[in-house]
Amino acid sequence: SLTIHIGSDYADNSPLSNTASIDTNQTTDPVPGNNSDTETVTVTRRADLRVTKTAAPDPATAGTDETFTVKVKNLGPSDNAGYTLTDLVPSGTSFVSASGACAEASGTVTCTSAGLALNAEDMFTITVHVDPGFTDGGTLTNTASIASSATADPNSANDSSTSTTTVNRSADLRVTKTAAPDPATAGTDET
């Protein structure tokens, strides 16, 4: 019996062959043609991608920007050959920007990766502007999900993550006052 470890970067759907042979034999072998045997198996990749999402600041303030940080980690056991992550811009906000591997179109941010090695992690940031009229004490909910993967994922339960942030209103009220005429005269009206 022989146990080997197949590298996480082994090519997907590729054959892996192993041959065992008799190297030396002290006794004459009447059938030397069966002194070796080769076993071939097909190696497939599986990569468990885990998505986590956070929002900052928390709580958020209506009328300011909110930044979502999305992390995708490859829990293995194989390397990932590429994936796409999508994130809908939440209602009550407007898109501001996203990190380089992401683009926004029609209210959906799409982030792409050409591949992710075993135990490696990608990080994407998405910034939105919270509407000034967002409900005071309301909840800003946003979800990022793996939309497609070039490598089979054995655990789809962790392919999405949702951040939930309370939004508060804050208003800086400024009072200005003027008097006319200036200078005032005793015995007259002042406005």
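**Exercise 1. Classify Asp-87 as buried or exposed in this predicted model, then find its charged partner.**

Solution.
Step 1. The relative accessibility of Asp-87 is 2%. The cut-off for buried is under 20%, so Asp-87 counts as buried.
Step 2. Asp-87 forms a salt bridge with Lys-53, and the closest N and O atoms are 2.3 Å apart. The criterion asks for a side-chain nitrogen of Lys or Arg within 4 Å of a carboxyl oxygen of Asp or Glu.
Step 3. Asp-87 belongs to strand 6 (residues 83–88) and Lys-53 to strand 3 (residues 47–56), so the salt bridge ties together parts that are 34 residues apart in sequence.
Step 4. Lys-53 is also to be classified: its relative accessible area is 7%, so Lys-53 is buried.
Step 5. A search of the whole structure gives one salt bridge.

**Exercise 2. Which ring does the charged end of Lys-53 sit over, and at what distance from its centre? How many aromatic pairs are counted?**

Solution.
Step 1. The ring is that of Phe-68, and the charged end of Lys-53 lies 4.6 Å from its centre. The distance limit for a charge over a ring is 6 Å.
Step 2. For pairs of rings, the centres must lie within 6.5 Å. The count of aromatic pairs is zero.

**Exercise 3. Give the strand order of the open sheet and name its edge strands.**

Solution.
Step 1. Six strands make up the open sheet, in the order 4-12-11-6-9-8, with mixed pairing.
Step 2. Strand 4 (60–61) and strand 8 (102–105) are the edge strands, since each of them pairs on one side only.
Step 3. At one edge, strand 8 pairs with strand 9 (residues 108–113) in the antiparallel sense, over four bridges.
Step 4. One bridge can be given by residue: Thr-108, in strand 9, is the partner of Ala-105.

**Exercise 4. Where are the cis peptide bonds at Pro-77 and Pro-181?**

Solution.
Step 1. Gly-76 and Pro-77 are joined by a cis peptide bond with omega of about 15°. Pro-77 is in strand 5 (residues 65–77).
Step 2. Ala-180 and Pro-181 are joined by a cis peptide bond with omega of about -5°. Pro-181 is in the segment after strand 12 (160–168).

**Exercise 5. Locate Asn-13 and Asn-119, and state the sign of phi for Asn-13 and for Asn-119.**

Solution.
Step 1. Asn-13 is in the segment before strand 1. Its phi is positive, about 60°, although Asn-13 is not a glycine.
Step 2. Asn-119 is in the loop between strand 9 and strand 10 (121–130). Asn-119 is not a glycine either, but its phi is positive at about 70°.
Step 3. The relative accessible area of Asn-13 is 53%, so Asn-13 is exposed. The value for Asn-119 is 51%, so Asn-119 is exposed.

**Exercise 6. Describe the surroundings of Asp-23 and the nonpolar patch that includes Ile-4.**

Solution.
Step 1. Asp-23 is in the loop between strand 1 and strand 2 (36–43). With a relative accessible area of 73%, Asp-23 is exposed.
Step 2. From Asp-23 to Ser-36 the separation is 13 residues in sequence and 9.3 Å in space, C-alpha to C-alpha.
Step 3. Ile-4 is in the segment before strand 1 (14–21). Leu-2, Ile-4 and Ile-6 form a nonpolar surface patch, with about 300 Å² of accessible area together.

How values were computed
Residues are numbered from 1 along each chain as its sequence is written. This is a predicted model: local features need pLDDT of at least 70, side-chain atom pairs count only at pLDDT 80 or more; totals for chains, interfaces and linings use all residues. Side-chain values use heavy atoms; hydrogens and water are left out. Patches are made of residues with over 30% relative accessible area and no salt bridge: like charges are joined within 9 Å, nonpolar side chains (Val, Leu, Ile, Met, Phe, Trp, Tyr) within 5 Å. Accessible areas come from the Shrake-Rupley method with a 1.4 Å probe; for residues, only the protein chains shown count as cover. Helices (H or I, at least four residues) and strands (E, at least two) are DSSP runs, numbered from the N terminus. Rings of Phe, Tyr and Trp (its six-membered ring) pair if their centres lie within 6.5 Å; planes under 30 degrees apart count as stacked, over 60 as edge-to-face and the rest as tilted. A charge sits over a ring if NZ of Lys or CZ of Arg is within 6 Å of the ring centre and within 35 degrees of the ring normal. Two strands pair if DSSP finds at least two bridges between them. Buried means under 20% relative accessible area, exposed over 50%, partly exposed in between (1.4 Å probe, protein chains only).
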